[in-house]
Amino acid sequence: MSTEPNDWLIGQSVPRVEDDRLLRGAGRYTDDLHVPDAAEVAFLRSTEAHARITSIDISAAQAMPGVVAVYDGASVVDRIKPLLNAEELRVPPGIADLDPVNKLQPAPILATDEVNYVGQPVAMVVAETRYLAEDAIEVIDVTYELLPAVIDVEAAQAEDAALVLLGEDDNIGVHVRHGKGDTDAALASAAAVITETFSTQRYVCAPIETRGLVAQQDPFTGSLTIWSTTQTPHRVRDHVAESIGLPVDDVRVQSVDVGGGFGQKGILVVEELLVPFAAHDLGRPVRWIADRFENLTADAHAREQIHHITLGADADGTLVAVKDHIIVNLGARNMVGLVVPYNALCHLIGPYQVANADLEATGVLTNTTFTSPYRGAGRPEATFAMERAMDRLAAELGIEPSELRRRNLITSEQMPYETGLLDRRGVPQEYDSGDYPAMLDRAVEMIDVPAVRARQAAEPDRRIGVGFALYLEMTGLGPFEGARVEVMPSGRVRLYTGAPSQGQGHRTVFAQILADTMGVAFDDIDVLAGDTASIPYGVGTIASRALVTAGNATAQAGELVRERILDAAAGVLEANAADLTIEQGIISVTGTPSVELTLAELIRSVPKLAGGSGSDGLGETSYFQPPNYATASGAHAVTVEVDTATGRVEILDYVVVHEAGTIVNPVVADAQVVGGVGQGIGGIMSEHLRYDENGQPITSTFSDYLMPISEMVPEIRMDEIVCPSPTNPLGVKGLGEGGAVGPPAAIANAVEDALRPEGVSVRSGPLTPGRILDMLRSAAVSQ
Amino acid sequence: MSDLEPSGPPTAEPTARHTISFTVNGESVTAEIESRLLLTDFLRHRLRLTGTHVGCEQGACGACTIQLDGQPVRSCLILAAQVDGRDIRTIEGLAGPGDELTAVQQAFADQHGLQCGFCTPGFVMSVTSLREQSQANGRAPTEAEVQDCVDSSYCRCTGYVNIRKAARQALGLPIDVPVSLDSSSGQVSE
Ligand code: FES
Ligand code: FES
């Protein structure tokens, strides 16, 4: 690093360079691109949860005005390979030793003989406009022979359950069991044991911009360009090339401005193969943007889990064993394998020390839409179970819940801490750094537990309660991310990386890192993320990984280019590279202030340097491979009041104390946390993607699927502690997901605390007024 | 003369055609449109004013909010045919290229009131409308008016806290809402 530490941009709330353009309405989102002559797509989707297709007749649709082409399953089955999200479905060696079940169930590109959920693509119409394409969809004739549909996740596991996917042996897509010690023995001799079932309902990412893409084939070379909302452009490139049989070099995927992703745009769906295929097949640009109905019914769902959890503890509250059987509703296919089930499993115990654990996760198929990771990817669900169970244990033992937590936390002196379990990569799980007791103490102090208890005593007619949720998050998923840094002919510096932004502010945050590393001015840096033509390999922006992986790759590449600059400048200035410095993009010789060289001057002279290095230009590509996860953590604390007459839950105070290593841009970082909290509040308070018993989705509009509006999200009081990660040179950790992990557990804990006089048990969300009233009624009946 | 040259319906379009004239961002526009064309599609794809976004086409998310005769409306619930003779303002009509941002836009930048920016044009148009209305009335907006205004759109990224701050800055109100540890009794959620 070249500049003085007190000039460093890392750690400063540099205003976002993204904002000016976006605020003027000059953003360039996928549907904003004007691609001349682009035809538009509409999909015919299954209306049945499970059925055999006995016939499809597309002839009337083909004859409709403005129709360019109609494809059904038969017309693409031999031309596009079925979809497998191969990276997500890979089982690393250490996990393979656990002998897991992970069935490969490729998704048919368009259904041929069987449909397995409402919303599954059956036919694709390409027409002059979306209006005309939808007209043609209306006249496609499909006949279905209904098959038994399995919707309930417990029923799907019964011996005699009907099959969700014909041809499979059962409805289990994923299974894994992992633990340590002797859990049954520890539970048998524990002073206190609690057993309960806690579940998380199905809810969805629903970014305000839906998924979409535009594909265009070059008429001369046959290569394809795809503009996409994807979080993982290189994966889209590889899959498109592979599935339609093009050389990977002839597919270019660019993620332009993207309107939120949260995981939904992080996995591939068949539409993302069909649209490029159509562009390739027709030699004409093709556009598809999901409408909201498609987004809510036919794009990836998330979260639905049941936890049958048991905790055992000594009389003083020391945890001795955790047992959990996690049931994950995968939907109609195993799309992403162990990702969510295993993430839930290996994050369940979180910041606590426990000698014995027996953890089992079963991914069950149902005739509902497939599921994907959503911000937190199994952690909000696991945290809900664990942290609810901790409150039950505290009640059982008569210990203040925050104190019970305190007694069981891993301390900072124990860091790095090996849990005795395997992490997602199948290697021993090690927390790199953190200070969970300090974090909890801060949260207890901020929410002021004694004051809440005093209020409960002083105002016995009101139903006020306090709840906590502690969690951690192993961030910075590998295997790598890359950065290419290049000095441009103008003397400006460009950074390319495979990790695009869906709103996280990469153009600003990565430029801060590069400015510090290279010694160039922040304003002279342009960040272009998510274009496969600019960097050959990439993974993408998922799993709280971009800052850790792409951020450090940026620093590495910046360092290399800085060396190249100084070497080249030494040649031009006939000086010793060791005597040169670069600050704000100006190279000077130490002790000779009159001699200066700008990057623009330097880059112009590089090609002319006689006896130069032989390399042209000043650019380097570098890939960062994180050696371990960077473990971030958080403590949420909340007080609520419940109105027992209306069932309304009001959040009175919400506190977040988080730890995510070195913070690059505090304002941006805090906003990521708050945004996550907003989504977590939606999940526990109002959101529920529901099906009827026949597998028909009944929350298919934003009027039925209730996301939070402003008044549902209170002010969030925040504090942070900083434990720089030893796993990477910048000391950073990911924090994109963390905010969403805490709210469901913290709020449910507070609500149960508030309704303790009524004896209410909170086992699942959403905590809508209607459900709160139901809980009050059933508590009254059982008392 | 207008710089805005709308493209017309595709030849295959089966619904009836109409000629409409109206103003958008101060410019007059005459266009041939089909009966069923949504105003959002007309603005975005025929006039290429893509700053107005579409998040649902169900009237729920507010991303498509524009001003019609000075009032904030959901443009996804309006047919292009309905705007004949009327006056439209979109996000592109606030600050011209190279001009300073308006007070509302600047407030969103100052308060980090946007992340992905997809909901932003809708919020900016809603807050702009309230600001103009309160200026016309010669009084500051009430807390209830501010709440209604920010409750009118969905944002999936920010958790709204910074959007509220931006709105308050733009409306000349104290930016920080003090955290009251008591319930707001009587307010209705959902
Ligand atoms: S697009 Fe108009 S309200 Fe959502
Ligand atoms: S900033 Fe992304 S939806 Fe509001």
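**Interfaces between and within chains A and B**

Between them, chain A and chain B bury about 5,500 Å², with carbon and sulfur atoms accounting for 53% of this area. On the side of chain A, L23(A), R24(A) and Y131(A) supply 15% of the area buried against chain B, more than any other three residues. The model from which these values were computed is a predicted one. In terms of residues, the contact draws 70 from chain A and 67 from chain B.

Polar interactions across the interface of chain A and chain B comprise five salt bridges and 33 residue pairs in polar contact, both residues of each pair being at pLDDT 80 or more. The elements of chain A that give two or more residues to the side touching chain B are α1 (19-23), α6 (130-138), α10 (292-298), β28 (648-659) and α19 (666-685). Of the side of chain A that touches chain B, α19(A) provides the largest share, with nine residues. When sorted by class, this side of chain A holds 31 nonpolar, 18 polar and 21 charged residues. A salt bridge between the two chains joins D135(A) to R36(B), with a distance of 2.7 Å between the closest N and O atoms.

The organisation of chain A was examined next. The domain assignment divides chain A into domain 1 (5-26 + 478-624), domain 2 (206-297) and domain 3 (305-476 + 627-782). Taken over C-alpha atoms, the centres of domain 1 of chain A and domain 3 of chain A lie 39 Å apart. Contact between these domains involves 24 residues of domain 1 of chain A and 22 residues of domain 3 of chain A. The area buried between domain 1 and domain 3 of chain A amounts to about 1,600 Å², and carbon and sulfur atoms give 63% of it.

No salt bridges are found between domain 1 of chain A and domain 3 of chain A. The interface of these two domains nevertheless contains 13 residue pairs in polar contact, both residues being at pLDDT 80 or more. On the side of domain 1 of chain A that touches domain 3 of chain A, α16 (506-518) and α17 (546-573) of chain A each supply at least two residues. The largest share of this side comes from α17(A), which gives six residues. By class, the side of domain 1 of chain A that touches domain 3 of chain A is made up of 10 nonpolar, 12 polar and two charged residues.

Chain B contains five helices and five strands. Read from the N terminus, the order of elements in chain B is β-β-α-β-β-β-α-α-α-α. The C-alpha trace of chain B spans about 60 × 35 × 30 Å along its principal axes. The radius of gyration of chain B is 18 Å, which agrees with the value near 16 Å for a compact globule with 190 residues.

Chain B is assigned two domains, domain 1 (1-93) and domain 2 (94-171). Over C-alpha atoms, 22 Å separate the centre of domain 1 of chain B from that of domain 2 of chain B. The contact between them takes 18 residues from domain 1 of chain B and 16 residues from domain 2 of chain B. Domain 1 and domain 2 of chain B bury about 1,300 Å² between them, and 54% of that area is on carbon and sulfur atoms.

One salt bridge is counted between domain 1 of chain B and domain 2 of chain B. A salt bridge links R89(B) and E132(B), the closest N and O atoms of which are 2.3 Å apart. There are also eight residue pairs in polar contact between domain 1 of chain B and domain 2 of chain B, with both residues at pLDDT 80 or more. On the side of domain 1 of chain B that touches domain 2 of chain B, at least two residues each are supplied by β3 (65-68) and β4 (71-74) of chain B. β3(B) gives the most to this side of domain 1 of chain B, with three residues. By class, the side of domain 1 of chain B that touches domain 2 of chain B consists of seven nonpolar, eight polar and three charged residues.

Technical notes. Residues are numbered from 1 along each chain as its sequence is written. Chains are lettered from A and ligands numbered from 1 in the order in which they are written. This is a predicted model: local features need pLDDT of at least 70, side-chain atom pairs count only at pLDDT 80 or more; totals for chains, interfaces and linings use all residues. Side-chain values use heavy atoms; hydrogens and water are left out. Domain bounds come from an automatic or database domain assignment. Contact means heavy atoms within 4.5 Å. Buried area is the accessible area (1.4 Å probe) that two parts lose on being put together, summed over both. A salt bridge is a side-chain nitrogen of Lys or Arg within 4 Å of a carboxyl oxygen of Asp or Glu. A polar contact is a pair of N or O atoms within 3.5 Å; within protein, one must be able to donate a hydrogen and the other to accept it, and residues adjacent in sequence count only if both atoms are side-chain atoms. Helices (H or I, at least four residues) and strands (E, at least two) are DSSP runs, numbered from the N terminus. Ala, Val, Leu, Ile, Met, Phe, Trp, Tyr, Cys and Pro count as nonpolar, Asp, Glu, Lys and Arg as charged, and the others, Gly among them, as polar. The radius of gyration is taken over C-alpha atoms; the globule rule is 2.2 Å times the number of residues to the power 0.38.
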